[in-house]
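Hi,

Here's the structure I promised to pass along. Have a look, and my notes follow underneath.

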Amino acid sequence: MKTTQQRTIWQKTLLSTATSVALASAGVMGLATTAHAQDSFKVGFVTFLSGGASGPFGVPASQGAKLVVEAINEGTLPAPYDSVGVNGLQLEMVEVDEAGGPTKQVEEYRNLVQRQNVNAVIGYISSGDCLAVGPVAEEMQTFTIAFDCGTSRMFEELEDPKYVFRTGLDAVADNVGAARYLAETRPDAKRIAGIQQNYAWGQDSWQDFTLAMEQLMPEAEIVNNQTPQIFQGSYGTEISALQTRRPEIVHSSMWGGDMESFVAQANARGLLAQATALLTTGESGLHRFDGQAPNGTILGGRGPFGGFMPENDLSEWFSKAYEEKHGTPPSYPASKAAQAILALKYAADNSDADGVPSSEELAAALKGAKFESVSGTVNMGLAGGHQAVQPMLYGEYHFEDGQAELRNVKSYPGDCVSAPDGYNAQEWIKEGFPGSSCD
Amino acid sequence: MLTVWAILIDGFIYASWLFLVAAGLTVIYGVMRILNMAHGSLYALGAYAAASALGWYYADGGDQLWMAFAIIAVCAVAIGAVTGLAIERGLLRIMYGRDEILMLIITFAVLLILEDVMKLVWGTTPYFAYQPYAAMGRINIDVLTVSRYDLMVLVVSIVIGVGLWFWLERTRIGKILRSIIHDREVSKAMGVNVGRMFTITFMIGATLGAIAGGITAPIISVVPGIGIEVIVLAFAVVVTGGLGSITGAAIGAIIVGLARATSIHTMPELELFIIYAVMAAVLVFRPHGLFGQAVARKI
């Protein structure tokens with residue numbers, strides 16, 4: 001009995017001591033967190049770090065983002081971003097893998113906001129992830145920038161967005177731009193075929209492209225479209241099926257390793273000698289084809305990114321710094337990630353906040369803004385000021401003496417390739433691009 | 001008529017690749033009753049090893065096609081045999097006798113571990129070793145062209161299929177393996193070193209997976225995740241043909257290959273669906289696959 005009593009007293013003492021220590025620690029940690037939060041701004045960065053999209057897209061995007069974050073913290077960016085930090089705060093980047101699908105990404109988003117206590121989130125290559133995360137970001141009232149995903153449904157499904165922004169163009173711009181480039185450079189092409197990955201991105205891209213072709217090149221006939229599985233890798237049968245239809249142009253929205261594999265196989269099989277490939281995301285292979293794409297292959301970079309970046313202080317700094325660090329010029333995913341980080345710095349620096357800007361202050365600063373970036377001046381002019389309007393560029397691949405370059409580059413203004421507010425993108429194309437200005 | 005020829009040529013070429021990918025999986029299951037999910041990783045390891053070695057060879061000024069094939073063969077056999085030995089001796093050996101489902105989960109864990117190991121070793125940047133594929137050229141049939149490299153894959157696949165048949169049906173080790181397949185315990189009682197036979201079988205199955213990856217490397221862009229994509233297809237083929245049957249894997253690959261080629265040439269939007277539709281249709285009428293045998297459960 002005495003032993004039990006002693007044990008009870010001992011347990012109570014231990015419990016109260018542990019509670020005191022825990023409370024004290026929590027207090028200290030709380031103070032530490034507060035102090036930490038005051039001198040840094042925490043941003044979650046979500047990109048593919050594993051799976052098939054990581055190598056060509058996710059990792060270059062991560063590298064581009066880190067490069068800009070480091071330069072922001074050191075204050076070594078060119079003007080107008082030459083001040084140290086964002087609104088004077090050190091920028092801390094928490095990276096999350098985008099692999100796993102939309103359900104997992106919604107969980108990861110909640111983790112970032114509720115457990116990691118990030119002040120903003122930048123990310124998302126997959127359109128499915130953007131569609132899933134957008135409403136959650138609005139619900140959680142957290143400033144969020146989609147840097148790459150291309151679905152035109154993003155702002156169609158988000159009514160009156162307050163916290164979600166996209167600093168790149170959507171897939172409609174890619175494909176209207178592609179059709180305009182064909183109409184301008186190959187107006188006599190009559191037989192058009194396609195090969196797209198069999199999921200939303202590929203299906204939407206082909207739909208937008210064929211609708212635009214009906215308007216811009218009504219004489220051209222769509223002879224075939226192949227829909228291989230994403231990450232299939234081998235396209236022998238699809239190439240045969242395309243060859244039997246004798247196309248003059250082969251449109252493809254395939255990206256990354258799939259796109260590069262298709263080009264290498266189609267070139268070896270002679271398809272690309274019979275037809276010209278039009279690759280809407282082909283810029284990511286510009287410095288990787290190594291001559292495996294024939295000269296004259298049409299490449300897009302989803303806007304003025306990667307090899308299509310205009311010459312300005314920011315793009316020159318970014319290209320030089322990226323190549324020095326990673327041994328290759330930045331591809332378009334790297335540039336787009338860099339642009340999103342610059343948008344965050346612009347919003348924070350212009351938020352007039354004292355200390356860490358709130359999501360509301362960041363959103364108010366970026367909404368409808370025009371900010372300088374590696375791609376030139378970005379106009380957040382669509383979706384009520386939440387979506388960037390930028391030019392769409394296409395050019396032809398040329399490889400000579402071991403060097404790849406873009407030739408015959410043509411630029412189409414944002415108003416020429418993007419549906420104005422209030423329009424469903426497909427209806428806008430079907431009605432003949434009302435309100436578009438291509439001068 | 002051109003489309004019919006295209007379907008036949010493409011169907012058999014794709015079937016040969018499917019058989020290469022599935023052969024090792026079905027050999028291991030046939031002898032060891034292990035559904036080796038890590039087979040996809042062995043395929044990916046073979047592809048990475050071959051692609052990086054070919055990259056060095058061509059970057060160093062190499063241009064001999066026979067040398068490229070020698071590099072693919074040596075890399076694939078070496079990495080397949082060594083990894084297979086490590087997995088079997090280091091992990092599976094202590095798990096023998098457990099439930100088939102548990103073994104499946106264990107090999108799935110190995111698949112996930114190896115996926116990350118590959119990322120650590122090779123990173124996430126795609127590897128491109130197209131030179132042998134491009135150098136072999138093509139044969140023209142009207143507007144249709146057939147890659148000589150693809151035809152070589154078909155020949156390699158036939159050689160490996162005949163070789164496996166000969167090994168299992170005409171050699172002493174093959175007879176011993178068949179006795180193990182029939183009754184593991186009686187074979188042991190008759191003096192067969194079952195453990196050693198398992199090691200040999202797993203190494204051969206693993207090497208076949210790596211060879212499939214090595215041969216595929218010049219056709220594709222080698223990226224993280226290719227092993228996981230391939231294992232799903234390989235399962236569809238071996239389940240259609242009958243788990244554990246080499247003949248079944250060959251017939252299953254031909255059926256799936258021809259069905260897929262027909263779909264791509266006539267109804268491309270059904271390409272994904274058709275492979276699994278064929279598998280489902282076969283399983284409705286033959287639940288153990290075309291050449292699979294129902295096994296009585298020992299009590």
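Starting with chain B: residues 226-258 are 88% helix and 0% strand, with end C-alpha atoms 23 Å apart (helices here are DSSP H or I runs of at least four residues, strands E runs of at least two, numbered from the N terminus). That span is one of those listed as "transmembrane region" in an unreviewed UniProt entry; such annotations may be inferred rather than shown by experiment, and their positions are in the numbering used here, with feature names shortened. Another, 151-168 of chain B, is 100% helix and 0% strand, its end C-alpha atoms 26 Å apart.

Before you dig in: this is a predicted model, where local features need pLDDT of at least 70 and side-chain atom pairs 80 or more, while totals for chains, interfaces and linings use all residues. Residues are numbered from 1 along each chain as its sequence is written, chains are lettered from A and ligands numbered from 1, in the order written.

Between the chains, 35 residues of chain A are in contact with 37 of chain B (contact: C-beta atoms, placed from the backbone, within 7 Å). On chain A's side, α2 (54-74), β7 (221-226), α8 (236-244) and α9 (256-269) each supply at least two residues.

Chain A itself is divided into domain 1 (40-169 + 309-389) and domain 2 (172-308 + 391-430), with bounds from an automatic or database domain assignment. Their C-alpha centres lie 26 Å apart, and the contact takes 30 residues from domain 1 and 27 from domain 2. On the domain 1 side, α12(A) gives the largest share, 4 residues.

Cheers

Notes
Contact = placed C-beta atoms within 7 Å.
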